[in-house]
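Here's a quick look at how a few helices sit together in one model. Have the viewer open while you read.

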Amino acid sequence: MSNTESTEESGTYVRDRQWSMENWILIGVFFLLTAAGVVLSVRWAPAAVAVPAYVYLYASLGALGYAFTKLITGLGGFVEWGSFEELVEMGLRIPAAWVLGAGVFLLFGPIVPEGVPETGRIVAGVSFLVGLYVNVAVESLGALADRLLGT
């Protein structure tokens, strides 16, 4: 069985996956690059393209909301708790949500009118949804990119 295959045993899915040291190193490098990008986009980016820190906060909360929901709804189906790697996979949604939240903020920020008292709440809410639905955000942004680039 390959590293990404699943087998069915007594109604539950069990993953046969062992991550190599190279995988862990790549995860660490990508996480550090993402964290550096967050700091740079909040602190040192020009004001016109700076991303407010609360975008990252609410994107993180959305990703955590997904992880907790997945764990809670999956409790009945698990014979045992998942492997550490499965928990890391869910945790990797957080830096993915940071990147996507910043992208959505930069792309759709001009649509939300400035000066409206609820602007911050709208941006925070969209950031939360991006974190909660990382897969949907990736697919939607990919489809938008395809349309904009004509591919």
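What follows covers one helix pair, then the helix lengths and the buried side of one helix.

This is a predicted model, where local features need pLDDT of at least 70, side-chain atom pairs count only at pLDDT 80 or more, and totals for chains, interfaces and linings use all residues. Residues are numbered from 1 along each chain as its sequence is written, and side-chain values use heavy atoms, with hydrogens and water left out.

Helices here are DSSP runs of H or I, at least four residues, numbered from the N terminus. Helix α4 (residues 93-108) packs on helix α5 (residues 119-132) at an angle of about 140°, with the axes 8 Å apart; axes are lines fitted to C-alpha atoms over the stretch in contact, and angles run from 0 to 180 degrees between N-to-C directions. That makes α4 oblique to α5 (neither under 35, over 145, nor 65 to 115 degrees).

Who touches whom, with contact meaning heavy atoms within 4.5 Å? On the α4 side you'll find R93, A97, L100, G101, V104 and F105, meeting V123, V126, V130, G131 and L132 in α5.

Now the lengths, where the expected span is 1.5 Å times one less than the number of residues:

| Helix | Residues | Expected span | End-to-end C-alpha distance |
|---|---|---|---|
| α4 | 16 residues | 22 Å | 21 Å |
| α6 | 16 residues | 22 Å | 22 Å |

Just after α6 comes G150, with a positive phi near 70°.

Back on α4, the buried residues (under 20% relative accessible area, 1.4 Å probe, protein chains only) include W98, P95 and I94. The buried residues of α4 pack against α1 (21-44), α2 (53-73), α3 (84-91), α5 and α6 (134-149).

Methods
Helix = DSSP H or I, 4+ residues; strand = E, 2+ residues; numbered from the N terminus. Contact = heavy atoms within 4.5 Å. Buried < 20%, exposed > 50% of the residue type's maximum accessible area, 1.4 Å probe, protein only.
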